[in-house]
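This report describes how two protein chains meet, and then turns to a hairpin in one of them. Please look at the structure first.

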Amino acid sequence: MSQTVTMTVNGRAASVTVDDPEMPLLYALRNDLGLTGPHFGCGLGQCGACTVHLDGAATRSCQLPVGAAEGRQVTTLEGLGTPERPHPLQAAFIAEQAVQCGYCANGMIMQGAALLAATPKPSAEQVKEALVANICRCGTQPRVVRAVLRAAANA
Amino acid sequence: MDGMQMRRRGLFGAGGALVVGFVLGARPAAAWTDKPVALDQVDSFLAIDAAGRVTAYVGKVDLGTGVRTGFTQIVAEELDVPMASVAVVEGDTALTPDQGATYGSLSIQVGGVQLRQAAATARRALLAEAASRFGLPPEGLRCEDAAVIAPDGRRLAFATLVGGRAFSLAVDANAPIKPPEARRVVGRSAPRVDIPEKVFGRFRYVHDLKIPGMAHGRAVRPPAMGAIAEAVDEASVAGIPGLLKVVHERGFVGVVAETEWAAIRAQRALKVRWSAWAGLPEQAKLWEHVRATPVAQRQVTSETGDPAAAIRGAAKQLSASYDFAIHTHGSMGPSCAVAEFRDGKLTSWSASQATHNLRKQLAMMLAMPVEQVRCVYLEGAGCYGRNGHEDAAVDAALLAKAVGRPVRVQWMRHEEHGWDPKGPPTLIDLRAGLDAAGKVVGWESEAFIAKGAGGNVDLVAAELGGLPRESLSSPGNIVHNLAQPYGFPAVRTTCLRLESTPFRPSWIRTPGRMQNTFAGEAFLDELAAAAGADPIAYRLSVLEDPRGREMLERVAKLSGWQARPSPVRDQGGEVLRGRGVSYVKYELVRTYVAGVAEVEVNRRSGAIRVIRFFVTHDCGQIINPDAVTAQIEGNIVATVSRVLKEELTFDRSAVTSLDWASYPSITFPEVPEIVVELVDRPAERPWGAGEPTAAIVPSAVTNAIFDATGVRLRSVPFTPAKFLAALQGT
Ligand code: FES
Ligand code: FES
């Protein structure tokens, strides 16, 4: 039975029609709405690659049924900032060159931005704790921590 | 050769236009484009269009390491063009020269050096052409901002000189490259060209590729690695909307659907009756299994004097065995590929690190002429060797063929952890003898390693489906660094190449060099302790190479090393601190690295933390210092993860560590602080950076654990359980 889900994505009304409302939000964003900032990393809530903001809270979009996003505010990496108006953390990622392959960067930035929204001046320990469930296999962690601290200092 | 001669030979002349898709009569009709790809032609590497924009074509691919930026710098430097006007095309079998697979930290050392020579040849030709048009000798001319400038101020843009046409010129190994003092782009930390798009979600990974008519596929892997599908119950997935087809060929089973979610649902729901298979060894007896595996070949990798006799006659004899667990690549993004058949030709997009090889493998498997297959690299998640990318490309190709539509396949996490090829288990026995003064008189080692070298890793679906394949074992070129960099009077190092290894092997970051350096540098530490010597002083007493000595001396200074023997005495408290050193000259012929690890060990819980890691690094000429530093950091973090946490688990039928809970990766709070000191040698050739640093991490860490606790861990990973067991044994 197909069903239409309506939500606000990156500030605009968006709707997707799905066969199965249990489909994770991640697939709606990537395949139906063309927002490929969030990535599929594990589909298990273990790595953070798929992180988006749901009503401002960092959320694993691979774990959220698209039906549960009905009427809610979704922000993806594309909506966080743009080259013209970057989020301070995006600018800090560039300044610190905190990316290797970048597959994890979506999760790092979305998780880090949620931390900064709640805790504008975190300590290095707080940054590491906030990102404890975000995996990076390329080893960018030292730079990611520096980038979050830089964004906090510049905000 | 002067400009006139080249003109007569048609340099930049009519014809040979670099229009992709234009097929010259002389080339086989099956060729995809007329673009040359031979390694000896400038046009294979470089094109300058009518607007003066430069395209570099390289067979090596980025893999997330930033090497694309390095290639951009190299071309911008040699041609004197802004980095912003250089684009890089990587790993497209129709467009790029076959520079070999992207592995071994060879992208700059080999790929970049070939590209640099092509650019240097092009630059000289541009100067000669401008000279003839100016009517001046080329010596007085210079290049600047994509133009040749005469002493009188006249200017000829590259676009005017060659724009849109071919160089038609062989790469000249003697074309002069820029001397160090003239360089302005290379040797500096240019920001990486890919990062802005990646932080704004605009970068297009292979995972993001969408082509018209594309369907989504998933393979359904057997629960036992060698099982055959005896029956497939298509009715079990009939209710899934959008399902297009169930494909079944021996052990290869797959589903194709209109949407990705439908394909995933079908992958989960499909009922298959699989044959039984239990061909894996018992994990608890892995090392017995390795020792009992028939030896296919004994290969002595270094030999001096008679070490056996020297050890027999020594004042003190030591022996030890080191083992290194099976590791998975565990790329952050599961492998992904898209395949399309059109007019009898196959185009395969993947993040393969060896598209030219993949092309041959696909052609063989599908019984197609190789000319009918084009493999295009698109960046994927970072891969640290040959992971599952090629296998996903095969799944996509088989499914696309079955449905007659383009198909995208992305593996699920359990497929990546379960089916990517593995770093083979490695076991190393060592013996040494010391004289009364503690000096090494003899050194012997044997490494039990999977046979094979760096060829192509077999394709999962070809194997499961019983399709034509090469049937090679390709664990990577793993014999290096068993031979020692030190001046021991008598040495024999031997590789015992084993007939088989439990899992399909492939190279994972620093294959062989990591395991061999682990055993060698840790065992040397045991000898230093037995001799009552400081570990750095002990190494320096047997190391002649001045560049290597410099790395060790620098790392001692960088880390504030206090000279004393290990272990440290009289530490109170529950948490013990120590430091350990390690050194490598990569493959004994290139990059020098020394490192010091500082660890904390909780002697009650066995928890081990690497607090800090210091590295000194000499890879000859540095193209981009910040990118080299980032590679070093990444290799340390990833290798600390491997040696503290990672180990494949399996039962008799299949891998059981199928997610990040059962195969954990390092977390932020566990990441050490890293301090890097680079030594740049602009007048030398550039060597690889990346892998060489990973080689020293396991030994530096275990040496530090020994320093802190007096407990010697000889088995990777260094888990709390192993520490506590070893503590009991001391
Ligand atoms: S993909 Fe969602 S947490 Fe890994
Ligand atoms: S940059 Fe590759 S996984 Fe983090």
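In this predicted model, 28 residue pairs are in polar contact across the interface of chain A and chain B, with both residues of a pair at pLDDT 80 or more. Six helices of chain A, listed in the table, each supply at least two residues of the side that touches chain B.

| Helix of chain A | Residues |
|---|---|
| Helix 1 | 25-32 |
| Helix 2 | 77-80 |
| Helix 3 | 88-96 |
| Helix 4 | 105-118 |
| Helix 5 | 124-130 |
| Helix 6 | 141-154 |

Which helix gives the most to this side of chain A? Helix 6 of chain A does, with 6 residues. By type, the residues on the side of chain A that touches chain B are 27 nonpolar, 15 polar and 11 charged.

Between chain A and chain B there are 6 salt bridges. In one salt bridge, the side chain of B:Arg265 meets that of A:Asp20, at 3.5 Å from N to O.

Contact between the chains involves 53 residues of chain A and 62 residues of chain B. Together the two chains bury about 4,600 Å², and 58% of this area is on carbon and sulfur atoms. Of the area that chain A buries against chain B, 18% comes from A:Gln100, A:Tyr103 and A:Arg137, more than from any other three residues.

The hairpin lies within chain A. Strand 1 (residues 3-9) and strand 2 (residues 12-18) of chain A run antiparallel and are joined by 7 bridges. A:Val9 is opposite A:Arg12, which belongs to strand 2 of chain A. The hairpin has 2 residues between its strands, and A:Asn10 takes a positive phi near 50 degrees.

Key:
Residues are numbered from 1 along each chain as its sequence is written. Chains are lettered from A and ligands numbered from 1 in the order in which they are written. This is a predicted model: local features need pLDDT of at least 70, side-chain atom pairs count only at pLDDT 80 or more; totals for chains, interfaces and linings use all residues. Side-chain values use heavy atoms; hydrogens and water are left out. Contact means heavy atoms within 4.5 Å. Buried area is the accessible area (1.4 Å probe) that two parts lose on being put together, summed over both. A salt bridge is a side-chain nitrogen of Lys or Arg within 4 Å of a carboxyl oxygen of Asp or Glu. A polar contact is a pair of N or O atoms within 3.5 Å; within protein, one must be able to donate a hydrogen and the other to accept it, and residues adjacent in sequence count only if both atoms are side-chain atoms. Helices (H or I, at least four residues) and strands (E, at least two) are DSSP runs, numbered from the N terminus. Ala, Val, Leu, Ile, Met, Phe, Trp, Tyr, Cys and Pro count as nonpolar, Asp, Glu, Lys and Arg as charged, and the others, Gly among them, as polar. Two strands pair if DSSP finds at least two bridges between them.
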